[in-house]
Amino acid sequence: VSGTYHSIYQCGSAMQALNYHILNDIVWFKPNASPNLACRCFTASHETLIWARKDKKGKHTFNYKSIKNDEWPEDLLKVPQKQMRSLWSVVKVGTPKASEKVHGKHPTQKPIELLRRIVLASTNEGDLIIDPFAGSSTTGIAACVNNRKFIGIDLNKEYLDLSIKRYKDIVKES
């Protein structure tokens with residue numbers, strides 16, 4: 001689950017009320033965040049990701065070795081061959097690239113590189129990823145290009161149509 005301070009704490013509280021076990025909170029630093037136009041508080045330059053599993057005794061996937069040993073040149077805080085920390089400075093990624101928005105954009109669209117990292121860290125090839133708030137399906141795109149299965153759900157037909165166009169681009173490229 002990802003979100004800003006507007007919603008992430010309510011999400012975490014709801015998850016705990018449903019007996020989810022929180023494994024980590026991850027802070028994604030956004031170097032090119034939107035400015036605070038009111039100038040009455042700090043500029044929100046990060047989002048929080050909550051990584052959880054259904055119950056405390058359950059099992060989860062964490063691809064420790066590959067996350068530790070793979071190259072992550074877009075993250076200025078990731079020290080090669082050292083554990084990945086819960087603060088991600090995906091400076092070279094920032095907000096979604098123009099190429100990720102050629103068919104339109106979603107107001108909370110994430111960069112593909114951020115979702116690629118999440119998918120590679122927490123799933124194996126062939127796994128099924130379900131995103132109940134798919135939006136423009138960046139999670140699905142990351143799943144597809146990394147050999148995972150994906151089911152995306154969204155109430156907004158405009159974003160589902162955008163997702164289909166993005167998937168068609170991937171099919172053309174392969």
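This is a short guided tour of the chain you have open, stop by stop.

**Stop 1: the whole chain**

Before you select anything, keep in mind that this is a predicted model. Show the chain as a cartoon and colour it by secondary structure: five helices and six strands should appear. If you trace the cartoon along the sequence, the elements come in the pattern β-α-β-β-α-β-α-β-α-β-α. The radius of gyration is 16 Å, close to the 16 Å that the globule rule gives for 174 residues, so the chain is as compact as a globular protein of that length.

Now turn the C-alpha trace around. Along its principal axes, the trace spans about 45 × 40 × 35 Å. Of the contacts between residues at least 6 apart in sequence, 55% join residues at least 24 apart.

**Stop 2: the surface and the inside**

Switch on the molecular surface. The chain exposes about 11200 Å², and carbon and sulfur atoms supply 57% of that area. Buried residues, for their part, account for 36% of the 174 residues.

**Stop 3: helix α3**

Hide the surface and select residues 112–122, which form helix α3. Which residues of this helix are buried? Show the side chains of I112, L114, L115, R117, V119, L120 and A121 to see them. One bit of background helps as you look along a helix: with 3.6 residues a turn, residues three or four places apart in an α-helix point the same way.

Next, add the partners of α3 to your selection. Its buried residues pack against two other helices, α2 (64–69) and α4 (138–145). They also pack against the strands β2 (21–29), β4 (87–89) and β5 (128–131).

**Stop 4: a nonpolar patch**

Bring the surface back and select L128, I130, I151 and I153. Together these residues make a nonpolar surface patch of about 360 Å². Zoom in on I151, which sits in strand β6 (residues 149–152). Its relative accessible area is 41%, so I151 counts as partly exposed.

**Stop 5: the cysteines**

For the last stop, select the cysteines. How many disulfides does the structure hold? The count is zero. Take C11 as an example: the closest cysteine sulfur to its own is in C41, and at 20 Å that is too far for a bond. C11 is partly exposed, with a relative accessible area of 30%. Select C144 as well, and you have another partly exposed cysteine, with a relative accessible area of 35%.

Technical notes
Residues numbered from 1 in each chain as written. Predicted model: local features only at pLDDT ≥ 70, side-chain atom pairs only at ≥ 80, totals over all residues. Heavy atoms only, no water. Patch = residues over 30% accessible without salt bridge, like charges linked within 9 Å, V, L, I, M, F, W, Y side chains within 5 Å. Areas by Shrake-Rupley, 256 points an atom, 1.4 Å probe, with all protein chains shown as cover. Salt bridge = Lys/Arg side-chain N within 4 Å of Asp/Glu carboxyl O. Helix = DSSP H or I, 4+ residues; strand = E, 2+ residues; numbered from the N terminus. Buried < 20%, exposed > 50% of the residue type's maximum accessible area, 1.4 Å probe, protein only. Disulfide = S-S within 2.5 Å. Rg over C-alpha atoms; globule rule 2.2 N^0.38 Å. Contact = heavy atoms within 4.5 Å.
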